[in-house]
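Reader: Hi! Could you walk me through this one while I have it open?
Author: Happy to, here it comes.

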Amino acid sequence: MPKAGGRTVSAAWMICVFLGLGACQEAAETKQPEPVAFDLGFDMKTLMTHVIEAAAETAWDSAGEVVTAEGEKDLAPVDDEGWYHVEAAGATLVESGNLLLLPGRNPGKEDWTAFSKSLSMMGHRVKDAAKARDRHALFQAGADLYSACVACHQVYALNLPVKVDLNTNSDQVTD
Ligand code: HEC
């Protein structure tokens with residue numbers, strides 16, 4: 001293999017010498033990257049529920065308090081592993097903004113781009129708050145994250161039933 005590679009290089013070099021180095025430099029500069037075939041097998045609904053909402057729920061379920069039979073319960077993580085999961089959820093939300101901008105998902109509208117970038121921005125805030133173990137910043141980031149979801153839905157998913165509710169914790173946490 002190295003031999004074959006060496007031969008290819010020297011053949012290319014000979015052509016460069018023959019044509020003049022300038023020609024080769026120009027060819028290298030104008031070479032376009034191969035188009036990438038993104039896997040867009042998930043429709044928007046699956047991306048929303050299985051990636052974006054799943055990550056957002058982790059953030060929302062880790063901030064604030066719920067009232068239980070035993071009294072008020074703080075939802076903030078209690079150990080490094082718990083905080084790490086919130087950090088990871090924040091990172092997923094940052095990248096989710098990018099996923100929404102992929103060709104094939106991006107309708108090419110300026111506001112869509114702004115809503116997607118705002119999702120990434122809120123993801124950073126969730127991640128930073130979790131990294132800093134700052135439960136108040138995490139709560140605020142969660143509230144602003146919710147507004148970022150709603151802002152896009154109000155334009156692009158008007159028929160969406162209002163399912164995402166920041167207060168859903170109270171009926172999910174029993175202890
Ligand atoms: C850039 C735009 C955009 C952003 C930001 C966005 N969404 Fe969506 N969302 C959509 C669109 C478009 C649909 C409609 C998808 C469909 O059913 O075709 C949708 C649908 C949904 C659905 C319904 C899926 C179903 O069952 O039909 C949920 C749940 C959802 N989004 C959650 C969220 C959450 C949570 C966030 C924020 C953390 C968020 N979305 C941010 C565009 C967005």
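Author: Let's begin at the ligand: α3 gives the most to the shell around it, with seven residues. This is a predicted model, where local features need pLDDT of at least 70, side-chain atom pairs count only at pLDDT 80 or more, and totals for chains, interfaces and linings use all residues. Residues are numbered from 1 along each chain as its sequence is written.

Reader: Cool, which helices each supply at least two residues of that shell?
Author: Those are α3 (44-60), α5 (110-131) and α6 (135-156). Helices here are DSSP runs of H or I with at least four residues, strands are runs of E with at least two, and numbering starts at the N terminus.

Reader: And which residues come nearest to the ligand?
Author: M48, A56, C149, C152 and A157, out of 22 around the ligand. A residue is near if its C-beta atom, placed from the backbone, lies within 6 Å of the molecule.

Reader: How do the shell residues divide into nonpolar, polar and charged?
Author: There are 16 nonpolar, three polar and three charged. Ala, Val, Leu, Ile, Met, Phe, Trp, Tyr, Cys and Pro count as nonpolar, Asp, Glu, Lys and Arg as charged, and the others, Gly among them, as polar.

Reader: Switching topic, how many helices and strands does the protein have?
Author: Seven helices and two strands, running α-α-α-β-β-α-α-α-α from the N terminus on.

Reader: What do β1 and β2 form?
Author: A hairpin, with two residues between the strands. β1 (residues 65-68) and β2 (residues 71-74) pair in the antiparallel sense over four bridges; pairing takes at least two DSSP bridges. V67 has E72 in β2 as its bridge partner.
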